[in-house]
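Got the model open in your viewer? Let's walk through it together, one selection at a time.

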Amino acid sequence: MDAFGRGRLAAILTTLAILVGACAPAAGPVPAGSAVPAGGGAVASAAPVRGGTLVFAIWQEPTGLLSNYASQTVAGIVGRVVVEGLTDTDTDGSFIPVLAKQVPTLANGGVKMLAGGKMDVTYELIPNVQWSDGTPLTSADVKFTWETYVKDPKVVTKDGYSAIEAVDTPTPTTAVLHYKQVYGPYLTRFGGLLPKSLEKEADLSKSEYNRKPIGTGPFRISEFVAGDHITAERNPSYRVKDRPYLDRIIFRSVPSREAAIAQLKAGEVDGMWNVLEAQAPDLSADPSIRVIATPSPTVERIELNLAKPGDPADPSLRHPVLGDRAVRRALNLATPKQQLIDKLLFGKAKIGTSPVSQGWASPKGLSQESYDPDQASRALDDAGWTKGADGIRAKSGVRAALTIMTTSGDKVREQIEQVLVDEWRRIGVDLAIKNLPSDVLLSGSFASDPRKRGSFDAVMYASTPAIDPHTTMLRYTTSGIPTAANAGQNFTRFSNPEADAAIAEAGATVDQPRRAELYAKALRLLNDDTAIIWLYDRQSLDAFRANVSGPRGSVWQPITFNAMDWSIRK
Amino acid sequence: MHRVTSYIVRRLAGAVPLLLGISVISFAILKAVPGGPLAAYEANPNVTPEDIARLERVFGLDQPVHVQYLSWLGKLLGGDWGYSFATSQPVLAMIGQRLPNTVYLMGTVYLVTLCIAIPIGVLAATRQYSVFDHLVTGGTFMAYSMPPFWLGLLLIIVFGLQLRWFPLGGMTAPGATAFDLVDRLRHLVLPVTTLAMFGTAHYVRYLRASMLETIGQDYVRTARAKGLAERVVVLRHALKNASIPLVTVAALDLPELFVGALVTEQIFGWPGMGRLFWDAATRSDYPVLMGILSVSAALIVLANLAADVLYGYLDPRIRYS
């Protein structure tokens with residue numbers, strides 16, 4: 001009797017958000033004697049309590065927990081308390097050893113360049129580590145992990161693993177990876193090791209180990225009830241003494257972010273991930289709740305189509321309006337980024353400057369011109385775009401009329417569009433809005449995604465680069481211009497041979513500072529062309545009850561990365 | 001009796017092409033939705049275009065639509081419901097995990113609805129135009145017009161968030177290991193109220209209308225004239241005949257027992273079939289969606305048949321031909 005369509009359901013959930021927001025009760029009871037941090041970001045300083053259960057709300061359903069098959073953020077959040085890798089990335093973007101003794105580099109001899117453009121990477125494992133089933137961790141597990149990535153057709157990505165031609169295990173704690181070619185982002189692989197004991201599984205993705213992985217992390221999964229909860233209990237074989245503090249974490253499946261907030265306020269759950277910027281002020285005002293803000297690599301942008309929109313577009317034809325750099329520059333000048341951040345995001349973001357906002361490859365000193373509508377008008381005047389009777393500019397018979405697209409139902413994005421319609425009209429550019437559901441706009445399929453087809457003028461969305469930005473940087477190369485065959489992601493159709501060369505060289509270089517320089521060069525060329533208006537760099541906002549101690553954010557890791565240090569005072 | 005049996009056999013045989021047609025249409029509609037199961041990987045910066053192409057081959061998504069459909073159908077006829085693209089779990093096992101939860105919720109709703117609706121409907125009809133009848137007519141009109149998602153949210157806000165009487169969602173308290181009846185009931189109250197409200201209003205209106213019609217008929221007057229007690233007249237003579245429309249509606253609602261309530265399960269975070277369908281729909285998980293759609297189509301066909309067979313029992317004038 002209530003089989004509604006998807007769009008309708010989305011509307012309903014939005015209604016829930018509004019209703020819950022409007023009718024939120026007074027702050028829940030604060031447990032007596034608990035430390036309530038004043039600033040909302042401070043960590044309670046009292047000694048951690050041992051034992052107890054923490055309930056963490058997840059509002060997406062993890063499909064599985066092995067990182068080789070899952071591509072969702074939520075799978076990473078749950079899986080992170082169980083599965084560990086050789087290395088990880090700390091919050092400033094540098095690599096830290098996890099199951100490896102040290103991070104192999106050229107300097108410490110862990111990486112060796114060989115004749116014929118090959119390279120060897122040697123990992124030393126820390127000794128006496130046990131899997132949660134009690135078997136010891138050895139270099140054979142590293143080899144098995146590589147084999148799984150190479151042989152299993154269902155892994156999410158083979159990128160980087162297929163660059164390895166063989167893995168040697170000279171000692172139980174030494175694994176030598178023989179790369180066929182120099183592979184710059186080598187440290188980003190082996191982020192989740194698999195035990196060799198799983199060799200017996202014919203199809204690992206279908207086995208129970210995809211839902212209850214054997215790992216080396218502080219917890220192990222004792223229960224996986226789809227749609228209801230996943231229970232992670234303390235791993236008795238965990239190598240760090242006296243950790244974790246908690247006995248268990250229950251990841252509770254809730255229907256939506258808004259429901260998670262309601263349950264957090266009611267004290268039914270103790271923590272949740274990914275609060276929206278607009279929801280943060282209300283939560284921060286509640287003394288029983290602590291919101292943790294962490295810079296995130298996600299960058300919200302407006303990409304401008306440099307090619308004439310077509311279905312599919314022919315990149316050799318210039319966009320009649322946006323093909324003119326002066327117009328693109330004027331549009332950026334007429335975009336009040338700081339005002340959008342202050343008013344619509346409650347200050348919970350900062351102005352964007354490039355697609356790589358965090359980590360070692362984030363270019364320093366890059367910027368875009370700030371809001372100045374008068375200068376925007378002058379730039380258009382100078383370029384010969386003259387205002388007509390209706391206040392809209394035109395040049396050689398072409399009207400400056402554009403359409404912007406974004407994901408429908410995203411409140412903040414829709415509000416930004418409204419602002420831009422006004423602001424851009426003021427400088428004589430007519431902007432129409434045509435939004436699509438996110439699974440159409442961002443489908444990534446050449447058959448339907450307007451970004452891929454090039455059938456758009458301007459598109460607003462967000463993208464998140466990996467710690468190694470190479471894949472993201474390929475979006476700004478000529479060969480990344482989407483065709484039916486290549487599945488490229490250069491939606492703006494930006495093409496610059498100098499940028500192409502810099503990005504290609506960076507991909508084949510191991511030296512990190514040199515790579516960062518090359519990427520920065522390409523990004524400067526991209527910004528000089530104003531092909532993309534970088535709106536803002538987002539933050540990750542996670543929220544916990546004030547009686548939870550320990551959680552802290554890390555740019556490149558899920559909030560659960562230090563779950564062994566979490567504790568709860570009941 | 002053999003006439004009924006042959007009727008059932010004929011109806012079942014007729015259902016086969018119907019179900020096939022439904023599956024073709026469902027598959028075509030699912031395929032027409034833009035996006036697809038690999039859209040989720042598109043935003044992952046670690047996934048290369050080569051990876052996407054490989055996964056497309058693994059899932060058979062590079063095949064023409066009719067080939068994909070025939071391969072699905074062929075496997076299904078062989079008893080293989082396939083594996084979820086997203087979770088790699090067998091579809092049948094996924095349905096099996098959710099089905100008991102939905103039967104538990106919807107069964108309670110069904111029982112509560114019938115237990116409330118039948119007495120109210122009968123009482124309202126026998127006391128037509130009384131204050132009680134006016135209250136029932138008005139009340140059912142209101143309950144019938146209230147969308148379940150709205151009512152569900154309202155109940156959550158009032159009884160969950162503000163009064164804190166009932167939990168905001170889920171089937172049990174987090175971490176509950178042993179069976180706890182009180183906890184179970186507390187979690188049932190709000191979703192059952194949401195769903196039973198609509199169903200009750202629905203049934204009461206049907207029953208009241210058909211009772212009014214029946215009560216005015218000659219045979220009821222005759223029964224009264226024979227000096228039968230009013231109780232017997234109403235319950236044995238009038239209600240049995242008046243319940244035919246109700247039986248139709250109730251039988252047609254039976255599949256919901258297994259399919260669940262999409263929106264209500266979603267709002268209350270109930271780990272049932274409705275949420276499974278919702279999750280699968282958001283991921284374009286075709287094998288799971290097709291599995292659920294096929295089960296529900298088959299159940300609806302069966303429920304229709306059950307309703308028709310029940311007619312004959314309730315009203316011997318109806319003949320199967």
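Start by selecting helix α3 (residues 139–151) of chain A, which lies across β5, β6 and β7 of chain A. Against β6(A), the helix α3(A) runs at about 170°. Keep in mind as you look around that this is a predicted model.

Now show the strands under discussion. They belong to an open sheet of 4 strands in chain A, ordered β4-β5-β7-β6, with antiparallel pairing. At the edges you'll find β4 (111–113) and β6 of chain A, each of which pairs on one side only. From one strand to the next, the twist averages 20°.

Zoom in on β6 (residues 164–171) and β7 (residues 174–179) of chain A: these two pair in the antiparallel sense over 5 bridges. How many residues make up the hairpin that joins β6(A) to β7(A)? The link runs through 2 residues. Label Thr171(A) and you'll see Thr174(A) of β7(A) standing opposite.

Next, add β5 (residues 119–124) of chain A, which pairs with β7(A) in the antiparallel sense over 6 bridges. A handy pair to click on here is Tyr123(A) and its bridge partner in β7(A), Ala175(A). While you have side chains switched on, remember that in a regular strand they alternate between the two faces of the sheet.

Chain A has another open sheet to visit, with 3 strands in the order β14-β15-β16 and antiparallel pairing. Select β14 (386–387) and β16 (398–399) of chain A: they stand at the edges with a single partner strand each, so one side of each has no neighbour in the sheet. Between β15 (residues 393–395) of chain A and β16(A), look for 2 bridges. Ala394(A) is the residue to pick, standing opposite Arg399(A) in β16(A).

Time for some backbone curiosities. Go to the loop between β9 (229–234) and β10 (248–253) of chain A, where Pro244(A) sits. The peptide bond leading from Arg243(A) into Pro244(A) is cis, with omega near -10°. Then jump to the loop between β12 (289–304) and α6 (325–333) of chain A to find Pro312(A). Here a cis peptide bond joins Asp311(A) and Pro312(A), with omega about 0°.

Two more loop residues are worth a click, one in each chain. Arg493(A) is in the loop between α12 (470–473) and α13 (497–507) of chain A, and has a positive phi of about 65° although it is not a glycine. Is Arg493(A) buried or exposed? Count its C-beta neighbours inside 10 Å and you get 26, so Arg493(A) counts as buried.

Over in chain B, Tyr129(B) lies in the loop between α5 and α6 (131–145). Tyr129(B) also has a positive phi of about 65° without being a glycine. With 9 other C-beta atoms within 10 Å, Tyr129(B) is exposed.

Stay in chain B and select helix α9 (residues 218–225), which is hardly covered: of its 8 residues, the count of buried ones is 0. Just after α9(B), Gly227(B) takes a positive phi of about 90°.

Now pick out α10 (residues 230–253) and α14 (residues 286–314) of chain B. Their axes come within 8 Å and cross at roughly 170°, which makes α10(B) roughly antiparallel to α14(B). To see the contact, show residues including Ile244(B), Val247(B) and Leu252(B) from α10(B), along with Ala307(B), Leu310(B) and Leu314(B) from α14(B). The residues of this contact divide into 10 nonpolar, 3 polar and 1 charged.

Zoom out to where the chains meet: 54 residues of chain B are in contact with 60 residues of chain A. Among the chain B elements giving two or more residues to that side are α3 (49–58), α5 (91–126) and α13 (273–282). The largest share, 7 residues, comes from α7(B). By type, the chain B side divides into 30 nonpolar, 16 polar and 8 charged residues.

Last stop: colour by confidence. Chain A averages a pLDDT of 88, but over its residues 1–44 the pLDDT is below 50. Where pLDDT is low, the predicted coordinates should not be read in detail. Chain B has a mean pLDDT of 87, with its lowest confidence in α2(B), at a mean of 74, and its highest in α5(B), at 92. For the complex, the predictor gives an ipTM of 0.84 and a pTM of 0.84.

Definitions and conventions. Residues numbered from 1 in each chain as written. Chains lettered and ligands numbered in written order. Predicted model: local features only at pLDDT ≥ 70, side-chain atom pairs only at ≥ 80, totals over all residues. Contact = placed C-beta atoms within 7 Å. Nonpolar A, V, L, I, M, F, W, Y, C, P; charged D, E, K, R; others polar. pLDDT = per-residue confidence, 0-100. Pairing = 2+ DSSP bridges. Buried ≥ 20, exposed ≤ 12 C-beta atoms within 10 Å, placed from the backbone. Axes fitted to C-alpha atoms, helices over the stretch in contact; angles between N-to-C directions. Parallel < 35°, antiparallel > 145°, perpendicular 65-115°, else oblique.
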